[in-house]
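Hi,

Here is the structure I promised to pass on. Have a look first, and my notes follow below.

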Amino acid sequence: MDVTTETFEDDVVGRSHELPVVVDFWADWCGPCKTLGPVLEREVTAREGAVVLAKVDVDANPELSQRYGIRGIPAVKGFRNGHVVREFVGAQSPQAVASFLDALLAPSEAAVLLDTLREQGELPEVVAALDSGDTERALAEIVERIPGAEPPLRDLLRRLAVALFGDLGPDHPLSVTYRRRLATALY
């Protein structure tokens with residue numbers, strides 16, 4: 001689907017809370033964009049509705065290009081839960097595009113760690129916070145436990161916090177705030 005500045009919040013950010021959304025930032029005059037477009041379309045179609053493809057014409061939507069730091073095209077950004085979690089720039093091979101999409105669709109490291117914590121009954125307060133959707137409370141609990149934790153638990157807490165930052169995206173306010181707090185707690 002073609003997306004504009006006016007429809008981006010609903011079509012990409014909002015929709016990415018339901019399904020991953022891949023945004024192809026392109027322009028009509030861009031040769032590599034014309035090469036990559038059909039590859040993206042084919043690979044997204046092969047995933048049978050598990051991911052949505054949105055296209056943004058950078059010439060018609062310069063505000064979006066600026067907001068997402070587009071400096072070269074084609075630029076592809078994968079959104080989950082309202083934030084960019086994966087990206088690449090330039091035309092890619094079908095195999096590279098397939099790998100990008102597979103990684104976007106795979107359970108995140110945070111989801112895998114959370115499943116492990118549930119199975120082992122570890123960190124119930126963190127699990128409960130994440131299950132209720134309160135990522136901030138989970139990150140606060142993680143950072144609070146680090147200073148007194150033994151090395152194996154300390155490493156698990158660090159890995160979980162970093163994985164949550166990955167899910168949130170690097171520019172999310174919680175990532176910015178708690179990355180600093182994590183560094184302080186660790187060092």
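What percentage of the 187 residues in the protein chain is buried? Buried residues come to 45%, where buried means under 20% relative accessible area and exposed means over 50%, with partly exposed in between (1.4 Å probe, protein chains only).

Before the rest, a word on the source: this is a predicted model, where local features need pLDDT of at least 70 and side-chain atom pairs count only at pLDDT 80 or more, while totals for chains, interfaces and linings use all residues. Residues are numbered from 1 along each chain as its sequence is written, and side-chain values use heavy atoms, leaving out hydrogens and water.

The protein chain has nine helices and four strands; these are DSSP runs numbered from the N terminus (helices H or I, at least four residues; strands E, at least two). Along the sequence the pattern reads α-β-α-β-α-β-β-α-α-α-α-α-α. The C-alpha atoms fill a box of roughly 55 × 30 × 25 Å along the principal axes.

I spent some time on helix H9 (residues 173-186). Its buried residues are Leu 174, Ser 175, Tyr 178, Leu 182, Ala 185 and Leu 186. Seen down the axis of H9, they fall within an arc of 95° (taken from the directions from the helix axis to the C-beta atoms), so they line one face of the helix. They pack against helix H7 (135-145) and helix H8 (151-168), with contact meaning heavy atoms within 4.5 Å. On the other side of H9, Pro 173, Arg 180 and Thr 184 are exposed.

Cheers

Terms used. Expected span 1.5 Å × (residues − 1).
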